Amino acid sequence: MKAIRDSVDFVLFLAIVGLAAWVIPGAGHLLIRENKRAVIICMTVVGLFVTGLYIGSLAVLEPVQTAWYIFAGQMLTTPAVGMLTDYAQKGDYFVAGRPADIGLIYTIIAGLLNLLCISNAVYMAYTGRGRLIGEDDA
Amino acid sequence: MMTALLAAFTSPIHIGTDWVSMLWMFPLLAAIAIVYKTTKMRVLFWRRFIREVLILFATLSGFMFAAIVVLNLVTWLATS
């Protein structure tokens, strides 16, 4: 009985790590005490997404006229993208041409990179890897 | 300050159709190199991490330049 409970707890822990990594990029690694990785991932993924929004404006968050997989890719960055999209839909934003293409690419790549980080955080939690101690080489 | 910051996200920036627009690939390549190495390195030591990120970034950039040259060459051959 204890083994089953431990197993359920472990699966729940993995799910929490995956969910945390999706909600806040890098939070999954933070839960398994990989602080350096967490900070790097958070800054890079969020920075890339914000750069995409800066290039193409909030108009790149357009789930109605673009293909569903584009919005799905953007949503992988964080669920907050959904709220941001809802806000963007109420405004009168427009983008076309190169800024639209580059903005979309940046925001989608940010989501896909976060997907890689989510799977990596869950894998590291599954294999029991926390922070390893060592010295930086010269 | 805050209004100006938010206003920056309400209209797209101008990006032309000349070669300068290709420079926008570099931040993307840098982000890919950083996240890939962050997830793949077993132990994260700063110096080794930065070195490996720079090597991967240079490799990706080199490959992209090669792709640009080849595609331009093919276009030039097809249209001349």
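**Note on a predicted two-chain model**

1. B:Phe57 is partly exposed, because its relative accessible area of 24% falls between the 20% and 50% cut-offs. The model is a predicted one, and the values below should be read with that in mind. B:Phe57 is found in helix α3 of chain B, and, leaving aside its neighbours within four places in sequence, the residue is in contact with B:Phe26, B:Leu29, B:Ala30 and B:Ala33. For one of these partners, B:Ala30, which is 27 residues away from B:Phe57 along the chain, the two C-alpha atoms are separated by 5.9 Å.

2. Helix α2 of chain B covers residues 25–40, and its length can be checked with a simple calculation: at 1.5 Å a residue, its 16 residues should span 22 Å, and the end C-alpha atoms are 22 Å apart, so the two values agree. The buried residues of α2(B) are B:Met25, B:Leu28, B:Leu29, B:Ala31, B:Ala33, B:Val35, B:Lys37, B:Thr38 and B:Thr39. What covers these buried residues includes α3 (46–79) of chain B, together with α3 and α6 of chain A.

3. What is the distance between the closest N and O atoms in the salt bridge that B:Lys37 forms with B:Glu52? The closest N and O atoms of this pair are 3.1 Å apart. B:Lys37 lies in helix α2 of chain B and B:Glu52 in helix α3 of chain B, so the salt bridge ties together parts that are 15 residues apart in sequence. B:Lys37 counts as buried because its relative accessibility is 16%, whereas B:Glu52, with a relative accessible area of 26%, is partly exposed.

4. Over all chains, the count by this rule comes to three salt bridges, and one of them joins A:Glu34 to A:Arg37, with the closest N and O atoms 2.8 Å apart. Both partners fall under the 20% cut-off for buried residues: A:Glu34 counts as buried at 8% relative accessibility, and A:Arg37 counts as buried at 1%.

5. Another salt bridge links A:Lys90 with A:Asp86, the closest N and O atoms being 3.5 Å apart. Both residues lie in helix α5 of chain A and are four residues apart, about one turn of the helix. A:Lys90 counts as exposed, given its 67% relative accessibility, while A:Asp86 is partly exposed, with a relative accessible area of 44%.

6. Helix α5 of chain A, residues 80–90, is also the place of A:Thr85. Is A:Thr85 buried or exposed? At 3% relative accessibility, A:Thr85 counts as buried. Leaving aside its neighbours within four places in sequence, A:Thr85 is in contact with A:Leu61, A:Pro63 and A:Phe71.

7. Chain A as a whole has six helices and zero strands, and from the N terminus on its elements run α-α-α-α-α-α. Along its principal axes, the C-alpha trace of chain A spans about 55 × 50 × 20 Å. Buried residues make up 42% of the 138 residues in this chain. Of the contacts in chain A with a separation of 6 or more, 75% are accounted for by residues 24 or more positions apart.

8. Between the two chains, 35 residues of chain A are in contact with 31 residues of chain B. The area buried between chain A and chain B is about 3,000 Å², and carbon and sulfur atoms give 69% of that area. In chain A, the residues that lose the most area to chain B are A:Arg37, A:Tyr54 and A:Arg98, which together account for 19% of what that side buries. A:Arg37 is thus named here as well as in the salt bridge with A:Glu34.

9. How many salt bridges does the rule find across the interface of chain A and chain B? The rule finds zero salt bridges there, but it does find nine residue pairs in polar contact across the interface, both residues of each pair being at pLDDT 80 or more. On the side of chain A that touches chain B, the elements that give two or more residues are α3 (35–56) and α6 (98–126) of chain A. The largest share of that side, 13 residues, comes from α3(A). By residue class, the side of chain A that touches chain B divides into 22 nonpolar, six polar and seven charged residues.

Methods
Residues numbered from 1 in each chain as written. Chains lettered and ligands numbered in written order. Predicted model: local features only at pLDDT ≥ 70, side-chain atom pairs only at ≥ 80, totals over all residues. Heavy atoms only, no water. Contact = heavy atoms within 4.5 Å. Buried area = accessible area lost by both parts, 1.4 Å probe. Salt bridge = Lys/Arg side-chain N within 4 Å of Asp/Glu carboxyl O. Polar contact = N/O pair within 3.5 Å; in protein donor to acceptor, adjacent residues only side chain to side chain. Nonpolar A, V, L, I, M, F, W, Y, C, P; charged D, E, K, R; others polar. Expected span 1.5 Å × (residues − 1). Buried < 20%, exposed > 50% of the residue type's maximum accessible area, 1.4 Å probe, protein only.
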